[in-house]
Amino acid sequence: MIDVANAPTVTRPQIRIEGAVKSFAGRVVVDIDELVLGDSPIEGLIGPNGAGKTTLMRMIMHSAKLDRGKVTLRRGPEEDVEEVVLSDLPTHRMAGLGVVKSNQVIMDFEKLTIWDSLLLSLAAAKYEHPHRIFSEAPLFEAHAEEAREYLDFFSFADPTGFAQSAGEKKLLDIVRCLLLKPRFLLLDEPTAGLPDELTEKVMEAIRRLASEGTSVVIVEHDLNVIWSISDEVHFMAEGNIILRGPPQTIRENRTVVEKYLGEGHV
């Protein structure tokens, strides 16, 4: 298991959300004056259904356009441009900036094998054309080792076949995200539907990534995962962050427990 607490000090990217509002059919779903994500290596984002958690993640990725406000990525002094306004950019630019999000709903390329699905996630845009099919071999050679490490780690039965179960498809989506070497990773219910042993492996992979300098934000309804992996937790309700702090502080807050979580989570 990775010991994040004793990992070397690294410069982490941050995402700043300012005056961000998103409505659907006249109903305000997200309304945040100011929020900074990335202060801690791994941050949990929790709250009741309808709180706006997934919408907030989609706003960061600009797959849900803001009604107003701004989302900014602050990268670090070693970058050519330290600050980028994400809300000014199309969604397809995010991965190139190191901002990656997993899918809440299981999505898969039904006609691609597990191997081919991973290679597609690694391919630069210039290779995503039929006449570049012969570039596949060098792409495979360049990334086969790291892809195989993840496939072995998560015990995929047959990487040359197709993802069959919902669990395999969920893991495949996570591995695609990890192979992109994100600087800021947003995970939307990454362990939903997974058995305990695979949940532990996902958490170990996340800890490893965070120890290497990636900022991670996790939305997860399994609060045991949140309490055990998060360095800080944001509690969201009615479109806004109403409380943030160490997991134990959030877990023991009486208002949160009585109104949202229930005594079983104390």
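## Strand β8, covered on both faces

Buried here means under 20% relative accessible area. By that cut-off, strand β8 (residues 215-219) of this predicted model is mostly covered, with five of its five residues buried. Which residues of β8 point one way, and which the other? S215, V217 and V219 go one way, while V216 and I218 go the other way, and all of them are buried.

β8 also has two strands to pair with. It runs parallel to strand β3 (residues 42-46), and four bridges join the two. One contact point to look up is L45, whose bridge partner in β8 is V219. With β7, β8 again pairs in the parallel sense, this time over five bridges. Here F184 stands opposite S215 in β8. To get from β7 to β8 the chain passes through α5, and that β-α-β crossover is right-handed.

## The six-stranded sheet

So where does β8 sit in its sheet? Six strands make up an open sheet, and their order is β6-β7-β8-β3-β9-β10, with mixed pairing. The edges belong to β6 (99-101) and β10, which have a single partner strand each, so one side of each is left without a neighbour in the sheet. From one strand to the next, the twist averages 20°.

On the way from β8 towards β10 you meet β3 and then β9. β3 and β9 run parallel and are joined by four bridges. L45 turns up again at this point: it stands opposite H234 in β9, and its bridge partner in β8 is V219. That makes L45 a handy residue to click on if you want to find your way across this part of the sheet.

## Helix α5, the link in the crossover

Helix α5 covers residues 196-211, which is 16 residues. From its first C-alpha to its last it reaches 22 Å, close to the 22 Å expected at 1.5 Å a residue. Which of its residues are buried? They are L198, T199, V202, M203, E204, A205, I206, R207, L209, A210 and S211. The list takes in charged side chains such as E204 and R207. After the helix comes G213, with a positive phi near 115°.

## The four-stranded sheet

There is another open sheet, built from four strands in the order β2-β1-β4-β5, and the pairing is antiparallel. β2 (27-37) and β5 (83-85) stand at the edges; each has a single partner strand, so one side of each is left without a neighbour in the sheet. Direction ignored, neighbouring strands of this sheet are turned by 20° against each other on average.

Inside the order, strand β1 (residues 14-24) pairs with strand β4 (residues 68-74) in the antiparallel sense over six bridges. For V21, the bridge partner in β4 is R68.

## Helices α1 and α2

Helix α1 (residues 53-61) has a place against both sheets. It lies across β1, β2 and β4, running at about 115° to β1. It also lies across β3, β6, β7, β8 and β9, and its angle to β7 is about 150°.

Helix α2 (residues 114-122) has seven of its nine residues buried, so it is largely enclosed by the rest of the structure. The buried ones are I114, W115, S117, L118, L119, S121 and L122.

## Two loop residues with positive phi

What is the phi of K181? It is near 50°, a positive value in a residue other than glycine. K181 lies in the loop between α4 (166-179) and β7 (184-188). K181 is exposed, at a relative accessible area of 53%.

E238 is another such case, with a positive phi near 55° in a residue other than glycine. Its place is in the loop between β9 (232-237) and β10 (240-245). Buried or exposed, then, for E238? Exposed, with a relative accessible area of 69%.

## How far to trust it

The mean pLDDT of the protein chain is 85, and 83% of the residues reach 70 or more. Over residues 1-8, though, the pLDDT is below 50. Beyond near neighbours in sequence, that stretch has 11 contacts in the model.

Technical notes
Residues numbered from 1 in each chain as written. Predicted model: local features only at pLDDT ≥ 70, side-chain atom pairs only at ≥ 80, totals over all residues. Heavy atoms only, no water. Expected span 1.5 Å × (residues − 1). Buried < 20%, exposed > 50% of the residue type's maximum accessible area, 1.4 Å probe, protein only. Pairing = 2+ DSSP bridges. Axes fitted to C-alpha atoms, helices over the stretch in contact; angles between N-to-C directions. Contact = heavy atoms within 4.5 Å. Right-handed = clockwise from strand over helix to strand, strands pointing away. pLDDT = per-residue confidence, 0-100.
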